[in-house]
Amino acid sequence: MLLILSAAGCNTLKKVGDDELLLTKNSIYVDEEKVSDSEIKGLISQKPNSNVLGYPLRLNLYNLAKENPDSSFQDWLHRKEKREKRLNNLLSQKQVNRLQESFIVKGASDFLKRIGEPPVVIDTALTRKSVERLEAYYRSKGYFNNSGNYGILEGKRKKRAELEYKLNLGKPFIIDTVQKNITSPELDSIYDASLDLTLVKEGDQFDLTNFNQERERLTALFRNSGVYNFQESSISYDILRDTTQLADDQLMDVQLNIKKFRSTSDSTDVNSPYRIHRLKKINIYADYVIGGETDSLQSLEYDNYTIFYKDRLRYNPKALTDAIFFQKDSIYRDLDRIRTYRQITNLNTFKYPNIEFIPDTTQNQLISNVYLAPRPKFSLNLDFDVTHSNIQQVGTAFSTSVITRNVFGGAETLNISARGSIGLLSDASLFSDEPFTSELGGDVNITFPRIWFPFNTEKIIPYYMLPQSRLSAGTNFQRNIGLDKQSLNSILSYNWSPSTQLKHNVELLNVEFVRNTNPDNFYNVYRNTYRNLDNIADAFDQDPEFADFFKEVDNEDDPFELTIPEGANKFVDTVLNNNIILDPDDLNEVNRINERRQRLTENNLIFASNYTFFKNSRVDINDNNFYQFRVKLEGAGNLLSLLSNVVPYNKNDRDQLLVFSVPFSQYLKTEVDFIRHWDVDDSKVIAFRSFFGLAVPYGNSDNIPFVRSYFGGGSNDNRAWNAYELGPGKTNNLNDFNEANLKLALNLEYRFPIAGDVKGALFADAGNIWNVFDNEDNPDAIFTGFSSLADIALGTGLGLRYDFTYFVFRLDVGFKAYDPARQGSDRWFSGYNLKNAVFNIGINYPF
């Protein structure tokens with residue numbers, strides 16, 4: 001360890017000169033108090049070299065690069081007398097010259113310099129510049145008389161030093177009065193009406209940020225009050241100070257100036273001041289071709305809009321006018337223009353929408369032209385994939401979709417897709433006698449750019465909220481993986497966005513039918529369950545009475561196994577009919593296995609409705625300081641249950657109501673998901689996620705369908721466990737696919753840059769799944785209260801990510817830090833090594 005640290009220390013200073021100092025730390029003190037604000041720290045011109053967990057990786061990579069690789073190569077080439085001659089004979093002189101220019105010699109050094117980071121050596125010129133920046137920043141906060149300096153503190157280790165910046169602020173300046181000088185009477189009236197919202201107020205400390213925000217507020221105010229051409233550059237402020245006042249008087253007067261409109265082609269003010277404009281005429285060009293002629297188009301008057309088109313109008317006029325949010329004779333509002341752009345884009349029928357406003361001769365009215373260039377009527381997408389997994393040696397999948405736009409003339413979008421796949425199983429004996437898997441499916445999806453409902457919802461959900469209705473239906477046939485499934489689904493949903501940060505989604509109908517076409521394959525798929533049952537049956541494998549239950553196998557430890565499915569099913573039936581006497585624990589286990597088999601092989605009919613609320617404070621893709629909040633509420637089976645008073649349903653032997661010979665699921669489900677990101681410093685981010693989900697069966701159900709239940713583990717959950725391996729509770733691999741109806745998950749991740757586009761992460765994942773309020777009777781799997789929180793599993797680990805700009809490739813390695821399935825002290829850090837680690841590959845960040 002000492003040798004490694006010593007070598008790293010020498011490498012760190014490799015390219016630091018004898019009369020230079022490597023910057024190791026910046027400290028800022030304002031009026032003797034240390035400042036940790038990231039915005040103020042960002043004003044420093046020189047920052048210490050980045051590090052990965054305290055190690056200057058990028059600096060040391062840079063130091064590995066040759067300063068002059070050409071000279072180094074020549075020195076190596078001539079170091080031995082006959083080396084050049086041997087290389088020339090082996091490669092030829094021309095190839096030796098190329099070798100010098102190759103990646104091996106020169107390219108490696110260039111690569112190391114590109115991903116590395118040169119040593120940050122203290123530069124007093126840049127340090128003085130940092131002091132000036134700090135002084136300017138605090139002047140913008142009203143401390144006009146502040147003064148700053150810096151100090152260099154050499155460290156105990158050689159050729160290293162810290163920088164200390166110290167500022168004395170003095171007294172801040174206060175706004176005494178706010179005056180105005182507005183050339184336009186109309187703007188003056190608008191300003192006075194919103195005076196209580198001003199951000200520049202008498203008695204406040206001077207802050208340049210408030211002045212900038214006030215300019216932005218006034219610009220938005222005027223543009224949304226009819227002044228379509230208002231320019232922010234027309235707003236300025238004068239700081240007035242009485243020269244007769246005392247030197248220590250910190251009061252100041254402010255004057256707001258709003259000048260006349262200034263043309264971009266003329267440096268002088270236009271004679272007429274800003275005016276409020278109304279919309280005189282609105283033209284919509286529905287078949288606009290960029291650069292094309294508009295004179296030969298036909299026109300149609302509809303609801304005070306003029307629609308121009310070529311040959312025939314292919315769109316419902318109302319669909320076009322509903323997307324335009326400014327109306328004839330109304331005052332111009334910039335907000336209406338923005339909403340119009342958003343809604344036209346939401347139609348998914350036009351490309352490159354363009355809106356122009358032309359003042360008429362009175363300079364009080366506007367003519368608006370909306371140019372809509374249609375997208376192609378049809379689009380075809382084709383996809384072909386080749387996959388490999390622990391189930392399939394190789395698999396191929398093909399999918400295609402056809403998109404038809406403006407299907408009924410109202411800007412509706414129809415998407416018809418089909419998909420198919422075939423694969424070669426890794427071990428066919430585990431799943432079926434056939435070595436191939438196959439899957440075939442298709443979907444029909446139609447989207448309406450409005451709320452498709454029997455009554456008008458425009459007053460509740462106006463068009464500026466980008467409403468959409470979606471109706472979809474699909475089916476899927478799957479063979480030779482699992483129990484072989486056939487599924488049918490249909491969804492009628494609505495979504496709308498009141499703002500860029502809020503979104504609502506309502507699935508009025510979500511109907512799903514799942515049919516297991518090969519339930520006899522249960523014990524082949526759920527191998528842990530089968531082994532538990534076979535272990536119990538071992539006591540009877542020599543009994544001639546039960547000989548037809550077993551088959552002889554080439555296994556010294558267990559020469560007989562229950563046949564699948566006949567032997568396993570017969571053994572269970574014999575036990576449950578009391579024809580075999582077992583001890584209570586084994587009897588309970590057989591009962592659980594039978595209930596589990598019935599639950600996982602029964603067909604499901606889910607007739608659900610749900611509502612999802614989503615809020616996202618993220619401004620853009622570069623914003624690393626945001627939160628996301630999602631709440632989902634779902635209910636299933638309630639409508640069918642109400643109809644039981646009218647419709648005479650059949651019942652099964654468990655007294656469940658049947659629809660099409662299938663018991664329908666009835667439950668209530670809620671989910672809460674919260675994500676928070678903190679931008680620490682230098683592209684370092686702390687990310688946190690919390691999730692809580694609960695599904696409670698009742699009425700016609702005593703459990704939750706497998707497709708609606710929760711599981712633990714996997715690349716986006718607790719990464720120290722594989723998917724479906726964790727839980728429920730403190731059970732240990734009860735099934736091959738463990739699931740439950742209660743889930744709690746907490747994730748914390750520290751993300752940091754390593755070199756170039758390579759990022760790193762340290763993470764801790766906690767959580768588990770449990771059964772609650774259902775028919776599970778295993779106490780180890782049931783949530784009984786706060787004491788069950790002791791079964792929360794903890795996984796820790798580290799990850800590598802490569803940023804491809806459009807997506808992130810992720811590799812995470814998780815270690816079980818606390819495993820509730822173990823006993824006593826073995827729960828902590830047992831198997832905390834690479835042999836027992838779980839490797840996860842994913843695309844993009846997990847949360």
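User: In which strand does Q298 lie?

Analyst: Q298 belongs to strand β9, residues 298-302. Strands are DSSP runs of E with at least two residues, helices are runs of H or I with at least four, and both are numbered from the N terminus. The model is predicted, so local features need pLDDT of at least 70 and side-chain atom pairs count only at pLDDT 80 or more, while totals for chains, interfaces and linings use all residues. Residues are numbered from 1 along each chain as its sequence is written, and side-chain values use heavy atoms, with hydrogens and water left out.

User: Is Q298 buried or exposed?

Analyst: Q298 is partly exposed, because its relative accessible area is 39%. Buried means under 20% relative accessible area, exposed means over 50%, and partly exposed lies in between (1.4 Å probe, protein chains only).

User: Which residues is Q298 in contact with, leaving aside neighbours within four places in sequence?

Analyst: Contact means heavy atoms within 4.5 Å. Outside those neighbours, Q298 touches I307, F308, Y309 and D311. The C-alpha atom of Q298 is 62 Å from that of G142, which is 156 residues away along the chain.

User: How do I read a helix such as α8, and which of its residues are buried?

Analyst: An α-helix has 3.6 residues a turn, so residues three or four places apart point the same way. Helix α8 covers residues 124-139, 16 in number, and spans 22 Å from first to last C-alpha, close to the 22 Å expected at 1.5 Å a residue. The expected span is 1.5 Å times one less than the number of residues. In α8 the buried residues are T127, S130, V131, L134, E135, Y137 and Y138. They lie on the same side of α8 because they cover an arc of only 160° around the axis. The arc is that of the directions from the helix axis to the C-beta atoms. Their cover includes β1 (22-30), α2 (38-41), β3 (147-154) and β4 (160-168).

User: What are the buried residues of helix α15?

Analyst: In α15 (residues 566-576), G567, A568, F571, V572, T574 and V575 are buried. Their arc around the axis is only 165°, so they sit on the same side of α15. They pack against α13 (522-525), α14, β21 (560-562) and α16.

User: At what angle do helices α9 and α10 pack?

Analyst: Two packed helices are described by the angle between their axes and the distance between the axes. Helix α9 (residues 185-193) and helix α10 (residues 208-223) pack at about 115°, with axes 11 Å apart. Axes are lines fitted to C-alpha atoms, for helices over the stretch in contact, and angles run from 0 to 180 degrees between N-to-C directions. The contact joins L187, I190 and Y191 of α9 to E214, L218, L221 and F222 of α10.

User: Which peptide bonds are cis, and what is phi of E32?

Analyst: Most residues other than glycine have a negative phi, and most peptide bonds are trans. The bond from I564 to P565 is cis, with omega near 0°, and P565 is in the loop between β21 and α15. The bond from G727 to P728 is also cis, with omega near 0°. E32 has a positive phi, near 70°, and is in the loop between β1 and β2 (33-34). With a relative accessible area of 66%, E32 is exposed.
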